[in-house]
Structure formats: structure tokens, C-alpha cells
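Let's take a walk through this one together, starting with the overall layout and working inwards. Keep the model open beside you as you read.

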Amino acid sequence: MQRGYENRFQIEMISIEDLVPQEHLLRQISAAVDFSKIYEFVEELYCDDNGRPSIDPVILFKMILIQHLYGLPSLRRTADGVSLNNAYRWFLGYGLTDETPHFSTISYNFRHRFNADTIDKIFTWILSEAAEAGYLKPEVQLIPKADFS
């Protein structure tokens, strides 16, 4: 019987790609949906020549998608989950040590930058892409009303 085994401080060379199973739901969604189309929906909401650098809008929408897919109760819990969960990090394009967005940044963008029409268009488009790839059945689609307060 071995007691007290701890290997917390072992240094290993590993890629986040190796930590997310090939059959994971977020891998399937990533393969089915070309999220770069989100830039077309939000292009006029960003300015290229002033202000501080923004968080990538694709990341913001993917974080809200994670929140709804996994039933996370708040943006704070979503941001915490993204920080801790390797599959979430992989889906968003973050490495193991990258700093992830603070919940207040997500909330601010969805309250002040993205209007309801833009949000509805993007999530309707994401659902249609997922349905086209065979991941949704139209008769069971539910689109919850988001509360970003």
C-alpha cells in the first residue's frame, strides 16, 4: 500500500491538444461551426484606430455558448470554469497558462457593445450551423433569454 503519493510538482512537456479527448462535444462543435463568421456580425461595433485592445468577440460568444451548454449559472462561474477546464481553454484557443477573460469584461461587452439583435443573429446562426452538421434536432431547440446582469 502506497500512501501520500503526490506528483504535483513534476514538470512535463504537454500540449493542451493532448488533454482534450477527440470525441469531446466542444471538439465536435468546433469542427461543425466556423466561428470566424462572427467577425462579420460585429465588425461595425469595433474601432481599429483608438481605444485599448479588445477581447476577441469570438471568445466572448464562445464563452456564453459554454455557459449555456454546460448550464453554468453565472458569468462569474463561467469565467472561473474557463480558467480551470482544459476543454474550455482548448475551445477558446487558450493555452494552459494564458490569462482568460474576467467575468466583468464579458458582462460589459454583452451589456454595452452587443445589442439584442446582434446577439440573436449570432446565436441563431450558431444553432443553424450545429443543426446542419447534425448536432441538433430542430424540434428540441431552445434558445434561453440571456441575462447579463
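What follows goes from the whole chain to its core, then to single helices, salt bridges and the surface.

Before we start, some ground rules: this is a predicted model, so local features need pLDDT of at least 70 and side-chain atom pairs count only at pLDDT 80 or more, while totals for chains, interfaces and linings use all residues. Residues are numbered from 1 along each chain as its sequence is written, and side-chain values use heavy atoms, with hydrogens and water left out.

First, the overall picture. The protein has eight helices and zero strands, where helices (H or I, at least four residues) and strands (E, at least two) are DSSP runs numbered from the N terminus. Along the sequence that reads as α-α-α-α-α-α-α-α. The C-alpha trace spans about 60 × 45 × 25 Å along its principal axes. Of the 149 residues, 34% count as buried; here buried means under 20% relative accessible area, exposed means over 50%, and partly exposed is in between (1.4 Å probe, protein chains only). Contacts are heavy atoms within 4.5 Å, and among those with a separation of 6 or more, 65% come from residues 24 or more positions apart. About 10300 Å² of the protein is exposed, with carbon and sulfur atoms supplying 50% of it; accessible areas come from the Shrake-Rupley method with a 1.4 Å probe, and for residues only the protein chains shown count as cover.

Now step inside. The largest nonpolar core holds 35 residues, and F35, F61 and F91 are those with the most contacts inside it. Such a core is a set of buried Ala, Val, Leu, Ile, Met, Phe, Trp, Tyr and Cys residues joined through side-chain atoms within 4.5 Å. Two or more residues come from each of α2 (25-32), α3 (38-42), α4 (57-69), α5 (75-84), α6 (86-92), α7 (103-113) and α8 (116-132). Helix α4 gives the most, with eight residues. Leaving out residues up to four places away in sequence, F61 touches I38, V42, F110, F114, I119, I122 and F123.

One of those partners, F110, leads us to α7, where I106, S107, N109 and F110 are buried. These four sit on the same side of α7, because they cover an arc of only 160 degrees around the axis, the arc being that of the directions from the helix axis to the C-beta atoms. The cover over the buried residues of α7 includes α4, α5 and α8. Turn to the opposite face of α7, away from the buried side, and you find the exposed residues Y108 and H112.

Helix α2 has its own buried set: L26, R27, I29 and A32. Their cover includes α1, α4, α6 and α8. R27 may catch your eye here, since it counts as buried at 8% relative accessibility.

What does R27 pair with? Its side chain meets that of E17 in a salt bridge (2.8 Å, N to O), a term that asks for a side-chain nitrogen of Lys or Arg within 4 Å of a carboxyl oxygen of Asp or Glu. E17 lies in helix α1 and R27 in helix α2, so the pair ties together parts that are ten residues apart in sequence. E17 counts as partly exposed, at 35% relative accessibility.

By this rule the count comes to four salt bridges. Another of them joins K37 and E40, with the closest N and O atoms 3.3 Å apart; K37 is partly exposed at 30%, whereas E40 is exposed at 55%. D117 and K121 also meet in a salt bridge (3.3 Å, N to O). Both lie in helix α8, four residues apart, about one turn of the helix.

Another arginine is worth a stop. R89 is in helix α6 and counts as buried at 5% relative accessibility. Not counting residues up to four places away in sequence, R89 touches I16, V82, S83, Y94, G95, L96, T97, D98 and T100.

L96 also takes us out to the surface, where I14, L19 and L96 make a nonpolar patch of about 230 Å². Patches are made of residues with over 30% relative accessible area and no salt bridge, with like charges joined within 9 Å and nonpolar side chains (Val, Leu, Ile, Met, Phe, Trp, Tyr) within 5 Å. L19 lies in helix α1 (residues 16-19) and counts as partly exposed, at 34%.
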